[in-house]
Amino acid sequence: GAIDAEESKELAQLLEEARRQPKKSAVNVPMTDAQPSATHMAMATLIRLKLAHFCVTTNLDGIHRKAGLVGHETLCNLHGDIYVERCTGCNTDFERNYEVRQAPALHVHDHKVGTGRDAG
């Protein structure tokens, strides 16, 4: 569908922000501290405005989720996400603030640690 003037302005602001962002090679931060770029935000905005329906990525870094995309609803991580683990008992995804593949001592059924929609 067509976008209105406000939505057009929002997309223009994201494009301008993208032009002002430093090149990737100029910024060195740990992956846990990385923030979505204007491009990530633009993808999320296009989906929110229903100008796109889904994002498919091979990235593992969780940046698309930080931009507002939701795994299995508006986002497909072809190779997984290093910050998400799935409970093998109930199939609920839990977002962690650490790389889950590096924490073998943690039990994937521990719903008390995490921010998943059904955590508790």
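Biologist: Where is leucine 46 placed, and what makes that element a helix?

Modeller: Leucine 46 sits in helix 2 (residues 38–48). Helices (H or I, at least four residues) and strands (E, at least two) are DSSP runs, numbered from the N terminus. The model is predicted: local features need pLDDT of at least 70, side-chain atom pairs count only at pLDDT 80 or more, and totals for chains, interfaces and linings use all residues. Residues are numbered from 1 along each chain as its sequence is written, and side-chain values use heavy atoms, with hydrogens and water left out.

Biologist: Why is leucine 46 called partly exposed?

Modeller: Buried means under 20% relative accessible area, exposed over 50%, and partly exposed in between (1.4 Å probe, protein chains only). Leucine 46 has 31% relative accessibility, so it counts as partly exposed.

Biologist: Why is lysine 50 called exposed?

Modeller: Its relative accessible area is 62%, over the 50% limit, so lysine 50 is exposed. Lysine 50 belongs to the loop between helix 2 and strand 1 (55–57).

Biologist: What is notable about the phi of lysine 50?

Modeller: Lysine 50 has a positive phi, near 65 degrees, and is a residue other than glycine. Most residues other than glycine have a negative phi.

Biologist: How do you know that cysteine 55 is in no disulfide?

Modeller: A disulfide is a pair of cysteine sulfur atoms within 2.5 Å. By this rule the count is zero disulfides. For cysteine 55, the nearest cysteine sulfur, that of cysteine 76, is 9.0 Å away, so cysteine 55 is in no disulfide.

Biologist: Is cysteine 55 buried or exposed?

Modeller: With a relative accessible area of 7%, under 20%, cysteine 55 is buried.
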